[in-house]
Every structure is written in C-alpha cells, then in structure tokens.
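Welcome! Take a moment to look over the sequence and the 3D view, and then we can walk through a few features together.

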Amino acid sequence: MKKVFCSLLCLCLAFGNDFTKFYDESDDDIGFGKTPSISTLQTNVEISRNQVVKTKSATQIELARAANIARNGKYIMLVASMIPTLRIADNVNMPLSGYSFGGGIRGGMISYIDGYIGIRGYLSLDINNDKLSPIKKQRDYHSGTFVLLGAGIDIMIDFFIDKSYKNTVGFFVGVGAGALIYFDTSNPIMIPNQDSTKYVFGGNLTVQAGLSGVFAYRHRIEAGIRFLPTQSLVVQEDGVQADFNFYVGYSYKFGR
C-alpha cells in the first residue's frame with residue numbers, strides 16, 4: 001500500500017511541473033531565455049550611448065567660443081625668479097653653490113586656436129643678483145648680476161573648470177633663444193688657470209615648462225622652470241655656471 005501511495009505522489013509531481021518550459025514570456029518584455037531582436041539591441045545601445053556621451057548645449061558652445069576670443073590679445077607679465085648658481089669662490093679654485101634672486105618682465109601676444117590649445121609669444125628681460133641670496137657665504141664672496149634677454153613661443157593647454165568658461169587650469173611648454181651676461185665689478189670672476197674677469201656672457205636655446213591658471217579671462221598666475229642659455233658656460237672654463245631658473249609670475253591680458 002505504501003509503495004502504491006509513493007508512486008501516485010511522484011506521478012502527480014511530474015504532471016504538476018512542466019519541465020520543458022524554462023521561462024515565462026509574461027515575466028518581462030524579452031522573456032528569460034528568449035533571444036532579443038536586432039532592433040531591441042540597437043535601442044539598448046543607443047540608450048547607453050546617450051547616457052555616457054554628454055553633448056554641449058548651444059549655450060555652452062557659444063560661451064566656449066566667446067571665451068576663446070576673450071582670452072586672445074596682448075599681455076604683460078611680472079615674474080619673481082631664482083637661479084641656482086655655481087661659481088669659483090676664490091683663487092684656490094673651490095666652486096661655491098648658491099642662489100641669485102631677482103625678477104623680470106615679459107610681454108607679447110597670446111591666441112587660442114580652440115577651447116583648449118593656445119599659442120603664446122614673448123619677449124623677456126630678467127635681472128638676478130647674488131646679494132639677494134639667503135646664503136651669507138655667497139653674499140660675502142659674490143656680488144654678481146645676471147641679465148637675461150630672451151624671446152620664445154609657448155604652447156598653452158588649458159582646461160575649463162566652471163560652467164561660465166571664464167576660468168581655466170593647465171600647463172605649457174615652450175622653446176626660445178636667449179643671451180645672458182653675468183658681471184661682478186666688486187668681486188672679479190675667477191677662472192681656473194686664467195686671469196680673472198669682470199663679466200662673462202653666453203647665448204643658446206632655452207626650454208621652459210610649467211603650470212598656470214587663468215581667472216576671469218585676463219588674469220594668469222603661473223609657475224615654471226626655464227633652462228637658460230648659459231648651458232654653453234662651464235664653471236671650470238668660465239668661472240660661473242647657471243643652467244636653469246625657477247619662477248612664478250602674474251600676467252594681465254589687455255583688450256576684451
């Protein structure tokens with residue numbers, strides 16, 4: 001009797017469950033296990049694409065175009081700079097490292113070819129002096145002055161940081177040419193195995209790079225490093241060497 005009851009129970013369970021139906025088309029639009037149509041796949045891809053890609057509105061495009069025009073024009077820059085130096089300290093041919101501090105002025109034109117890339121040309125004059133060094137020993141032995149004349153061109157890469165398109169942050173790289181004179185009338189420059197001199201000069205290509213930020217189209221603050229044309233001077237041959245300088249600057253753009 002028990003065997004008969006178990007057989008009937010198994011038979012009822014088998015007929016009560018349809019093992020050939022693995023999904024119910026009423027559960028969703030596609031149905032579990034049902035292959036979606038090509039049109040459905042295309043629709044899903046388009047929805048995903050619209051969610052990821054955010055196109056600019058007409059207002060944003062107009063603001064970006066106006067920003068390009070507003071950032072173009074003439075500018076003037078004031079800089080504060082520091083030049084690490086190496087110079088013969090005395091006639092024992094002992095080099096002394098130090099720092100010359102000073103400042104300068106630059107000016108030129110800047111023009112943006114699109115929302116992110118700009119070109120900047122400049123002429124520059126920088127003056128640094130050993131007496132402004134924080135190292136007392138350098139001030140005691142040296143009182144030289146660097147005068148650097150330069151010209152060059154920079155590539156500006158700026159990124160907008162607000163919806164008004166007035167403010168940016170970015171970086172720049174550039175090349176140029178320069179001529180530098182270093183003179184010391186109080187403490188003659190000692191040149192190994194040669195007579196002392198009151199001045200040395202050199203000229204060479206310059207390379208510079210740095211970071212910058214623009215506020216309200218006109219105001220730019222930047223910090224950079226410039227490799228100087230004195231790379232053609234060697235302390236063992238010329239008595240002084242200064243390969244690069246660090247600087248911070250503020251520039252104001254004229255016009256619109």
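Which residue of strand 9 does Met77 stand opposite? Met77 faces Ser251 there. Keep in mind as you explore that this is a predicted model.

**How the strands pair**

Let us begin with strand 1, which covers residues 73–88. Strand 1 runs antiparallel to strand 9, and eight bridges join the two. Strand 1 is also joined to strand 2, again in the antiparallel sense, by 16 bridges. One spot to look for is Gly73, whose bridge partner in strand 2 is Ile110. Ile110 has a bridge partner in strand 3 as well, namely Arg120.

Strands 2 and 3 run antiparallel with twelve bridges between them, and a hairpin of four residues takes the chain from strand 2 to strand 3. Strand 9 has a further antiparallel partner in strand 7 (residues 219–227), with nine bridges between them. Within that pairing, Ile225 is matched with Phe246 of strand 9.

**The two faces of strand 9**

In a regular strand, side chains alternate between the two faces of the sheet. Strand 9, residues 244–253, shows this alternation. Asn245, Tyr247, Gly249, Ser251 and Lys253 point to one face and are buried. Phe244, Phe246, Val248, Tyr250 and Tyr252 point to the other face and are not buried.

**Two residues of strand 2**

Arg106 belongs to strand 2, which spans residues 95–112. Which side chain of opposite charge is nearest to Arg106? That is Asp126, 4.2 Å away. Arg106 is buried but has no salt bridge, because a salt bridge needs the two charged groups within 4 Å. Among the residues in contact with Arg106, beyond its close sequence neighbours, are Tyr75, Met77, Asp126, Arg226 and Tyr247.

Gly103 lies in strand 2 too. Its relative accessibility is 24%, so Gly103 counts as partly exposed. The C-alpha atoms of Gly103 and Val79 are 5.3 Å apart, although 24 residues separate the two along the chain. Gly103 is in contact with Val79, and its other contacts include Ala80, Leu125 and Asn128.

**Rings and charges**

A pair of aromatic rings is described by the distance of the centres and the angle of the planes. The model has seven aromatic pairs. Phe160 and Tyr165 form an edge-to-face pair, because their planes meet at 65° with the ring centres 4.7 Å apart. Tyr252 and Phe254 form another edge-to-face pair. Here are the values for these two:

| Aromatic pair | Centre to centre | Angle between planes |
|---|---|---|
| Phe160 and Tyr165 | 4.7 Å | 65° |
| Tyr252 and Phe254 | 5.3 Å | 80° |

Are Phe160 and Tyr165 buried or exposed? Phe160 is buried, at 18% relative accessible area, and Tyr165 is buried too, at 8%. Tyr252, by contrast, counts as partly exposed at 28% relative accessibility, and Phe254 is partly exposed at 43%. Phe160 and Tyr165 also belong to one aromatic cluster together with Tyr116 and Phe159.

Some rings have a charge over them. Arg71 places its charged end over the ring of Tyr112, 3.8 Å from the ring centre. Arg120, the bridge partner of Ile110, lies over the face of Phe172, at 5.1 Å from the centre of that ring.

Conventions
Residues numbered from 1 in each chain as written. Predicted model: local features only at pLDDT ≥ 70, side-chain atom pairs only at ≥ 80, totals over all residues. Heavy atoms only, no water. Buried < 20%, exposed > 50% of the residue type's maximum accessible area, 1.4 Å probe, protein only. Lys, Arg positive; Asp, Glu negative; His and termini not counted. Contact = heavy atoms within 4.5 Å. Pairing = 2+ DSSP bridges. Phe/Tyr/Trp six-rings, centres within 6.5 Å; stacked < 30°, edge-to-face > 60°. Lys NZ or Arg CZ within 6 Å of the ring centre and 35° of its normal. Lists of a residue's contacts leave out its neighbours within four places in sequence.
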